[in-house]
Amino acid sequence: MSSKDWIEKDYYAVLGVEKSASSDEIKKSYRKLARQSHPDHNPGDPLAEERFKAVSEAYAVLGDDKKRREYDEMRSLFGSGAFRRSARAGGQPGGGVPFDVSDLFGGAAAGGDTRFGGGGFTDLFSSIFSGGGGGAGGPARPRGPARGRDVEAEVALDFGDAVRGVTLPLTLRAPGVCDTCHGNGAKPGTQPVTCPVCHGAGVTTRNQGSFSFSEPCRNCQGVGTIVEEKCPECHGTGGVTKTRTLNVRVPAGVADGQRIRLAGRGEPGDRGGPAGDLFVHIKVRPDELFGRTGDDLTLNVPITFTEAVLGTDLRVPTLDGTVTLRVPPGTPSGRVLRARGKGVVRRDGQAGDLLVTLDVVVPAKVSDEARAALETFAEQSPPAAREHLDARVRRFS
Ligand SMILES: [Zn+2]
Ligand SMILES: [Zn+2]
């Protein structure tokens, strides 16, 4: 669990409790939600699984008094607005872009400041919260250029495309680096100047209690430089919204609510850093005939009473053809027939089945001839087995 998670995720909302909730209330709410979303109670439901993980993660923090205090402390620090995204990182004001601490502080620390021992803010926070000092003797993690942010997108698929797999063009609008000023925000022909407040470090130091906090410089938003003549293309932010189209290969067998991760297809990294990932949320439009349970497809097929009694061969559609199923004589309504291998093809090449539920339909009206035949049939057929009800019926007669 990273400090980024702590800032982005509202664990109180996940557990549906107030910030002031007692530890008993938190425990109670967690138990209820964990029970509801437990994978054992929701087999094959990826949404429930996600939910269960989120609830467990939230409780791992809020259920532990010490961690909860640290979490509250960190959230209030960041909620105060003291930490804003640097303009150079392409942040959109109020755009609901997830806050990426490692990007922001990675960039700030790379501006020549050595106060973090090269470890960046993530490490700084870990050492504060683990009760350690400056971590002077700790191993300094080498940092490269900041990684690009992850991007989320959603695609809606037809039922058949989800079963068989499909390649789709996906158009993404995301912040990117301005081509006119190459991201420095300055009008072409001019250069950004060193920030007079932080002298280019991008950070200022503030004392709070026994801790000394370094925070991004408010004057330059942590960049270390000030743009005097703004780039006309991006108005000095260094970032513009760019549209790009990707061909996304959706594997066969995806289910509604699943999320596909395409590594390295997110936003490009800052100054040559690695790209983020693209997460595609899958929506599957329902089919008018087929349903789906895991890897099996389902289909309801009406049959007549005589077909059920005498047996028949049924020709039913599959997703890509037809299949003939033998209905044996004396088949009850609701019987499920299985067409092996006619379901969803899994990643390992094995396929699920097509499950055909037989539904004996009773005609609302019959012709005179049919009625006469049925009356003859009734005289010939044994009564329904209702002896087990008779004793109870006699009690009331
Ligand atoms: Zn500054
Ligand atoms: Zn620009």
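In which strand is the place of Gly291? Gly291 sits in strand E10, and the last views below return to that strand. The model shown is predicted.

**View 1. Four cysteines hold the zinc ion (ligand 1).** The protein donors are Cys195 (SG), Cys198 (SG), Cys217 (SG) and Cys220 (SG). They lie 2.2 to 2.3 Å from the zinc ion (ligand 1). The angles among the four donor atoms run from 101 to 117°. The site is tetrahedral. Ideal angles for four tetrahedral donors are 109.5 degrees. Along the sequence, the donor residues of the zinc ion (ligand 1) follow the spacing C-x2-C-x18-C-x2-C. Cys195 belongs to the loop between strand E3 (193-194) and strand E4 (203-208), and Cys217 to the loop between strand E5 (211-216) and strand E6 (225-226), so this pair ties together parts that are 22 residues apart in sequence.

**View 2. The record and the model meet at the zinc ion (ligand 1).** An unreviewed UniProt entry places the feature "binding site" at Cys195, Cys198, Cys217 and Cys220. These positions span 26 residues in sequence, yet no two of their C-alpha atoms are more than 9.0 Å apart, so they gather at one spot. In the predicted model, Cys195, Cys198, Cys217 and Cys220 are the protein donors of the zinc ion (ligand 1).

**View 3. Surroundings of Cys195, Cys198 and Cys217.** Are these cysteines buried or exposed? Cys195 is buried, because its relative accessibility is 1% and the cut-off for buried is under 20%. Cys217 is buried too, at 1% relative accessibility. Cys198 has a relative accessible area of 6% and is buried. Cys198 lies in the loop between E3 and E4. Neighbours within four places in sequence aside, Cys198 contacts Val203, Thr204, Cys217, Cys220 and Gly224. Cys217 is found in the loop between E5 and E6. With neighbours within four places again left out, the contacts of Cys217 are Cys195, Val197, Cys198, Gly202, Val203, Thr204 and Gly222.

**View 4. Four cysteines hold the zinc ion (ligand 2).** Cys178 (SG), Cys181 (SG), Cys231 (SG) and Cys234 (SG) coordinate the zinc ion (ligand 2) at 2.2 to 2.4 Å. The angles among the four donor atoms are 104 to 115°. This site, too, is tetrahedral. The donor residues of the zinc ion (ligand 2) are spaced C-x2-C-x49-C-x2-C in sequence. Cys181 is in the loop between strand E2 (166-177) and E3. Cys231 is in the loop between E6 and strand E7 (239-250). The pair is 50 residues apart and links distant parts of the chain. Cys181 is buried, with a relative accessible area of 6%. Cys231 is buried as well, at 1%.

**View 5. An open sheet of four strands.** What is the order of the strands in this sheet? The order is E10-E11-E15-E14, and the pairing is mixed. Strand E10 (291-293) and strand E14 (336-339) are the edge strands. Each of these edge strands pairs on one side only. Neighbouring strands of the sheet are turned by 35° against each other on average, direction ignored. Strands of a sheet pair through backbone hydrogen bonds, either parallel or antiparallel.

**View 6. Pairings within the sheet.** E10 and strand E11 (residues 296-303) pair in the antiparallel sense, over three bridges. Here Thr293 stands opposite Asp296 in E11. E11 and strand E15 (residues 354-360) run parallel and are joined by seven bridges. Ile303 stands opposite Val360 in E15. E14 and E15 run antiparallel, with four bridges between them. Arg338 has Leu355 in E15 as its bridge partner.

**View 7. Gly291 in the edge strand E10.** Gly291 lies in strand E10, an edge strand of the sheet. Gly291 counts as partly exposed, at 22% relative accessibility. Which residues does Gly291 contact, leaving aside its neighbours within four places in sequence? They are Phe159, Asp296, Leu297 and Thr298. Gly291 and Leu354 are 63 residues apart in sequence. In space, their C-alpha atoms are 9.7 Å apart.

Conventions:
Residues are numbered from 1 along each chain as its sequence is written. Chains are lettered from A and ligands numbered from 1 in the order in which they are written. This is a predicted model: local features need pLDDT of at least 70, side-chain atom pairs count only at pLDDT 80 or more; totals for chains, interfaces and linings use all residues. Side-chain values use heavy atoms; hydrogens and water are left out. Donors are N, O and S atoms within 2.8 Å of the metal (3.2 Å for Na, K and Ca); water is not among the atoms, so sites may look incomplete. Four donors count as tetrahedral if all angles lie between 85 and 135 degrees; four count as square planar and six as octahedral if opposite donors are over 155 degrees apart and all others between 65 and 115; anything else is irregular. Helices (H or I, at least four residues) and strands (E, at least two) are DSSP runs, numbered from the N terminus. Buried means under 20% relative accessible area, exposed over 50%, partly exposed in between (1.4 Å probe, protein chains only). Two strands pair if DSSP finds at least two bridges between them. Axes are lines fitted to C-alpha atoms, for helices over the stretch in contact, and angles run from 0 to 180 degrees between N-to-C directions. UniProt positions are given in the numbering used here, feature names are shortened, and annotations may be inferred rather than shown by experiment. Contact means heavy atoms within 4.5 Å.
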